[in-house]
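Thanks for coming. I will go through one structure today, starting with its sheets, then its helices, and ending with its open and closed spaces.

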Amino acid sequence: MAAVTFEVLREEKTFGARLGRLVTPHGVVHTPVFMPVGTQATVKTMTPEEVVELGAEIILSNTYHLYLRPGAEIIREAGGLHKFMNWHRPILTDSGGFQVFSLSPLREIRPDGVVFRSHLDGSTHFMGPEESMAVQEALGSDIAMAFDECVAYPATYEEVEAGVERTTRWAERCLEVHRRKDQALFGIIQGGTFPELRRRSAREITSLDFPGYGIGGLSVGEPKDVMYRILEELRPLLPEDRPRYLMGVGSPDCLIEGVKRGIDMFDCVLPTRIARNGTVLTSRGKLVVRNASYARDFRPLDPECDCYACRNFSRAYIRHLLKANEVLGLRLTTIHNLHFSLRLMERIRRAIAEDCLEDMAREFYARYNSTGENL
């Protein structure tokens, strides 16, 4: 029996956006879904219970970071990542490939993997397909990702082509060594911003018959319209009965546009990261609550929001907390931003069910702007 199953329940008429149901060993996920990021086995500043209360059905954790600290064997001894962090819903772990290529101050790519230096202490490590699979199996996530090469943007055609070749070879090796029956392994499509390389990667990776497919190497600096064109190129090449996961994407506009192009799963650090910098997402755009203009503003972050932060506290108070470096300020902005992202996905799913995604998107964009100052 497959570790993870996926069913498309409905396709919206205008765009063909998909309403789906992903069944995992730790529960059901309704798609399209946004996955909060718990990089180091925690969604920063939040307890697992609070993340559940916000409506998150699945979170993402990071193989690279957990491999370096505390180490996969410690988590295995604890009974796996779910028990270690007291999270009882599904978990997806990324392969560590993106971090190996983006965080390591020094690395050497070899046919069998990558020698890299830890961003923590400079110690030397090696990770390849076999190592990534071993770590992810020890973590015990519901969904593991194949080890891939994410080439930086911008890059030459030759550099991206070499990355596609390695990604395919490494995907094959991941399949050969992955043994955990209660864990699904998804493949990853690379190819940068070159349509022909994207098509090639899609053909090669889908031929390996993974139960789901990630689209990597986007939202790394390329213009958004380029990303959207790549998604449109890939859509007819991806199996209809498998989930499609756009990796590292989570701004409100990209969530809507990704869904319109057939994406089922998203993750991004954006809501939690900008929250720690004093920026919140609102129905009228971003609002930088740290700004001095909110020192005497006693309205909620977003008058149209019903999250815990907006029901109980003012902009002035939350700004005070942030300026005073009080942890509660970070918690309140994080609660608000995750609530915003998760509620947006609920609206999107409802719009797909009611065949009105175009109307929903038009209404959202008419209100959403770059500053939030007119709330």
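Let me start with the sheet of 8 strands. The sheet is open, its pairing is parallel, and the strand order is β4-β14-β13-β12-β11-β10-β6-β5. Please keep in mind that this is a predicted model. Which strands are the edge strands? They are β4, residues 33–35, and β5, residues 59–62, and each of them pairs on one side only. If we ignore direction, neighbouring strands in this sheet are turned against each other by 25° on average.

One pair inside this sheet can serve as an example. Strand β11, residues 184–189, runs parallel to strand β12, residues 213–215, and 3 bridges join the two. To find this pairing on the screen, look for G187, whose bridge partner in β12 is Y213.

Next, a helix that sits against this sheet. Helix α6 covers residues 129–139 and lies across three strands: β6 at 91–94, β10 at 143–145, and β11. Relative to β10, helix α6 runs at about 165°.

Now the other sheet I want to show. This one is also open, with 3 strands in the order β1-β2-β3, and here the pairing is antiparallel. Its edge strands are β1, residues 5–11, and β3, each pairing on one side only. From one strand to the next, the twist averages 15°.

I will take the pairs in turn. Between β1 and β2 there are 6 bridges, and the two strands run antiparallel. Here E11 stands opposite R18 in β2. Strand β2, residues 18–24, is in turn joined by 5 bridges to strand β3, residues 27–31, again antiparallel. How many residues lie between β2 and β3 in their hairpin? There are 2. At this pairing, T24 has G27 in β3 as its bridge partner.

This sheet has a helix across it as well. Helix α14 lies across β1, β2 and β3, and runs at about 120° to β2. Please remember α14, as I will return to it with the pockets.

Now a pair of helices. Two packed helices are described by the angle between their axes and the distance between the axes. For helix α7, residues 157–177, and helix α8, residues 195–206, the axes come within 10 Å and cross at roughly 5°. Angles under 35 degrees count as roughly parallel, so α7 is roughly parallel to α8. Which residues meet there? On the α7 side they are Y157, V160, E161, V164, E165, T167, T168 and A171. On the α8 side they are E196, L197, R200, S201, E204 and I205. By class, the residues of this contact divide into 6 nonpolar, 3 polar and 5 charged.

That leaves the spaces. How many cavities of 30 Å³ or more does a search of the whole structure find? It finds 1. The largest cavity holds about 30 Å³ of space. Its lining consists of I215, L231, L234, R235, L238, R244, R261, G262 and I263. These lining residues divide into 5 nonpolar, 1 polar and 3 charged.

On to the pockets. About 750 Å³ of space lies in the largest pocket. It is lined by 32 residues, and those closest to its centre are F98, Q99, G248, D267 and V269. The elements that give two or more residues to this lining are β5, α5 at 97–102, and α11 at 270–276. Of these, α5 provides the largest share, with 4 residues. The lining of the largest pocket comprises 12 nonpolar, 14 polar and 6 charged residues.

The second largest pocket has a volume of about 320 Å³. Of its 13 lining residues, S283, E304, F340, R343 and R347 are the closest to the centre. Two or more residues each come from α14, residues 327–353, and α15, residues 357–367. Which element gives the most to this lining? Helix α14 does, with 5 residues. So much for the return I promised: α14 is also the helix that lies across β1, β2 and β3. By class, this lining has 4 nonpolar, 2 polar and 7 charged residues.

That is the end of my tour. Thank you.

Methods. Residues numbered from 1 in each chain as written. Predicted model: local features only at pLDDT ≥ 70, side-chain atom pairs only at ≥ 80, totals over all residues. Heavy atoms only, no water. Pairing = 2+ DSSP bridges. Axes fitted to C-alpha atoms, helices over the stretch in contact; angles between N-to-C directions. Contact = heavy atoms within 4.5 Å. Parallel < 35°, antiparallel > 145°, perpendicular 65-115°, else oblique. Nonpolar A, V, L, I, M, F, W, Y, C, P; charged D, E, K, R; others polar. 1 Å grid on protein atoms, 1.4 Å probe; cavity = no way out; pocket = protein on both sides within 12 Å on 5 of 7 lines; lining within 4 Å. Points joined across faces, edges and corners; volume = space filled by probe spheres on them.
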